[in-house]
Amino acid sequence: MAVLSPALLLSPAVPPAAATSDEEYVKESEVVINKVRNTISLDKNDPNVADAVADLRETSNSWVAKYRREKALLGRASFRDIYSALNAVSGHYISFGPTTPIPSKRRARILEEVDTAEKALQRGR
């Protein structure tokens, strides 16, 4: 007959939700990254640019509101890079409007940040 230690009985089990939330974070982050890439690559004369920017703003606001409170994610490289890219994109469109193209230097930096974030996500960071 096996005897269980009281410490084992009182220690909390690892909740399976942690793995699910991590998978959810990765999935939602990939969606945000793809929307950033697609939106900033649209031509200013594209009739869908205003709708794409509005959709990106809604998605990015939801992503930031959901994950910035998660202490476990704040130190991740993927979170930092996505957050920085979203700040740059959002700041541009708020200041200059949804039909003003992002300058090439800023676009290159944003794309570099989302590429780095995507690699970090694949590595679990």
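**Contacts and cavities in a helical chain**

Author: Welcome! In this predicted model, 67% of the protein chain's contacts with a separation of 6 or more join residues 24 or more positions apart.

Reader: What makes a pair of residues a contact here?

Author: Heavy atoms within 4.5 Å make a contact.

Reader: How do you know what pattern the protein chain follows?

Author: The secondary structure comes to six helices and zero strands. Read along the sequence, that gives α-α-α-α-α-α.

Reader: Why are the enclosed spaces called cavities?

Author: A cavity is a set of points where a 1.4 Å probe fits but cannot get out, so that is the test behind the name. The structure holds two cavities of 30 Å³ or more. The largest has about 60 Å³ of space, and the second largest has a volume of about 40 Å³.

Reader: Which residues line the largest cavity?

Author: There are 13, and Leu42, Val49, Tyr93, Thr100 and Pro101 lie nearest its centre. By class, the lining has seven nonpolar, three polar and three charged residues.

Reader: What makes one residue in the lining of the second largest cavity charged?

Author: That lining consists of Leu56, Arg57, Ser60, Leu86, Val89 and Ser90. Arg counts as charged, so Arg57 is the charged one. The others are three nonpolar and two polar residues. Helix H3 (49-67) and helix H5 (77-96) each supply at least two residues of this lining.

Reader: How many residues does the protein chain have, and what share is called buried?

Author: Of its 125 residues, 30% count as buried, because their relative accessible area is under 20%.

How values were computed
Residues are numbered from 1 along each chain as its sequence is written. This is a predicted model: local features need pLDDT of at least 70, side-chain atom pairs count only at pLDDT 80 or more; totals for chains, interfaces and linings use all residues. Side-chain values use heavy atoms; hydrogens and water are left out. On a 1 Å grid over the protein atoms alone, a cavity is a set of points where a 1.4 Å probe fits but cannot get out, and a pocket is an open set with protein on both sides within 12 Å along at least five of seven lines; lining residues have an atom within 4 Å of a point. Grid points are joined across faces, edges and corners, and a volume is the space filled by probe spheres set on the points. Helices (H or I, at least four residues) and strands (E, at least two) are DSSP runs, numbered from the N terminus. Buried means under 20% relative accessible area, exposed over 50%, partly exposed in between (1.4 Å probe, protein chains only).
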